[in-house]
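Thanks for making time this morning; I would like to walk you through one model, beginning with its backbone and ending with its ligand. Please have a look at it first.

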Amino acid sequence: MSGLARVPGDKSISHRSIMMGSLADGVTDIEGFLEGEDALATMNAFRAMGVYIEGPDQGRVRVHGVGLHGLKAPTAPLDCGNSGTSMRLIAGLMSGQRFDVTLIGDESLSKRPMKRVIDPLTLMGVRVEAGEGSRPPLHIHGKGAVKAIDYSLPMASAQVKSCVLLAGLYADGVTTVTEPAVTRDHTERMLRGFGVDVKTEGSTVRLQGGQTLKACKIDVPSDVSSAAFFMVAASICENADITLKHVGLNPTRAGVIDILLAMGANIELSNHATIGGEPVADVRVRSAKLKGIRIPEHLVPIAIDEFPVLFVAAANAVGETVLTGAEELRVKESDRIAVMANGLQACGVNAQPTEDGMIIQGLGYKSGLRYQGTVIESQGDHRIAMSFAVAAIRAEGTMRIRGAQTVDTSFPGFVTLASQLGLNISAVKGRA
Ligand code: S3P
């Protein structure tokens with residue numbers, strides 16, 4: 001593997017750019033927007049509420065903001081597709097509208113827990129109805145205003161934090177959210193970029209309701225979660241030397257780099273810059289002899305989306321890797337502990353799932369030592385599909401990944417970029 005690549009824009013930031021651009025006064029220009037299905041679901045939701053949005057055209061989007069109170073009632077349910085971020089953040093915003101909304105999702109999203117947002121929204125005085133077991137669809141009865149609350153998150157979730165803060169824009173008073181561990185802070189950073197006064201003190205964030213958002217320019221960095229696939233790929237591939245350009249390295253997202261460095265990865269950062277309040281850098285990764293580690297729990301929430309591919313790194317390391325404190329992985333687009341353990345076991349790797357993590361005995365680097373290529377069911381989960389594409393680098397024979405069209409939710413163009421960097425990978429239409 002060798003070469004330079006720029007992976008697509010950050011998914012979390014792309015979602016938020018549409019939401020805040022829509023609620024702002026004025027025109028917001030976005031560059032580097034992720035044209036993946038998840039972020040497009042958010043874009044379509046705001047179009048359905050009367051926001052005029054131009055693009056996307058090669059990552060450029062222009063949002064004609066309607067102001068905090070300018071959204072219109074949609075004529076049909078808002079379809080969040082596969083995207084938990086769309087559903088949970090939009091649920092917060094809908095709480096402050098003067099109309100009712102129904103939020104629906106695909107099969108995977110319809111199984112994901114929504115109690116975590118229903119609870120705080122109920123405390124804010126909003127009536128939210130959900131399907132069985134507090135799963136989607138969500139019916140939100142907007143009242144035009146919400147009660148400010150002081151909320152301690154029961155789990156480390158940036159989606160829940162963001163849901164409460166966005167609802168808090170419609171509160172008459174100060175909304176306070178305290179998190180049990182550091183989670184991604186893109187909402188807070190972007191609100192500040194739109195001129196909103198948001199205060200962060202330790203693990204507590206405060207926001208006075210009723211503040212208006214002023215349109216601004218947004219430059220979306222490359223998604224570190226997408227870059228992570230190639231970081232692991234280059235680490236486990238022989239004679240690799242790749243550079244990933246302009247990767248978003250917000251410290252609340254960059255846990256994957258700390259974990260890989262602790263495993264002995266050869267990673268160098270250069271060209272550090274800050275764009276639109278978000279730190280970025282180029283990331284050079286060369287082959288390395290990885291070693292198994294016990295992953296520090298404080299890094300779990302700040303690397304939460306990268307564990308599927310980190311499990312692949314662990315399978316190729318020398319010795320044992322132990323992950324604990326990551327029970328949230330069980331409620332992502334799939335149960336990522338079970339699905340990754342099953343897939344790795346099918347390849348012949350000793351991967352033992354636990355309630356809140358995994359124990360993996362790495363195969364190490366003895367020459368010729370490889371696991372078996374096999375057929376993997378991605379279970380509708382984009383990151384599972386891409387992780388096994390990376391695992392194929394050290395597999396004997398071919399790895400066939402079913403349901404891989406899901407990669408478009410977060411990483412359109414993955415196969416092309418992976419081939420350009422030297423992976424032997426192709427997309428097969430129909431059943432692989
Ligand atoms: C996200 C937060 C994380 C992450 C998801 C995107 C966000 O979810 O897994 O892919 O944009 O806020 P949780 O907040 O549920 O941990």
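Where is the place of Pro137? Pro137 lies in the loop between β8 (127-130) and β9 (138-141), where helices (H or I, at least four residues) and strands (E, at least two) are DSSP runs numbered from the N terminus. Before going on, I should say that this is a predicted model, in which local features need pLDDT of at least 70, side-chain atom pairs count only at pLDDT 80 or more, and totals for chains, interfaces and linings use all residues. Residues are numbered from 1 along each chain as its sequence is written, and side-chain values use heavy atoms, with hydrogens and water left out.

The peptide bond from Pro136 to Pro137 is cis, with omega near 5°, and a cis bond also joins Gly55 and Pro56, with omega about 5°; Pro56 belongs to strand β4 (residues 52-57). Asn239, in the loop between α7 (224-236) and β16 (241-248), has a positive phi near 55°. As background, most residues other than glycine have a negative phi, and most peptide bonds are trans.

Turning to the ligand, its oxygen atoms make polar contacts (pairs of N or O atoms within 3.5 Å): a polar side-chain atom of Ser157 lies 2.8 Å from one oxygen atom of the ligand, for Asp305 the distance from a side-chain N or O atom to a ligand oxygen is 2.6 Å, and for Lys332 a polar side-chain atom is 2.7 Å from a ligand oxygen. Taken alone, the ligand exposes 390 Å², of which the protein buries 95%, by the Shrake-Rupley method with a 1.4 Å probe.

Definitions and conventions: Polar contact = N/O pair within 3.5 Å; in protein donor to acceptor, adjacent residues only side chain to side chain.
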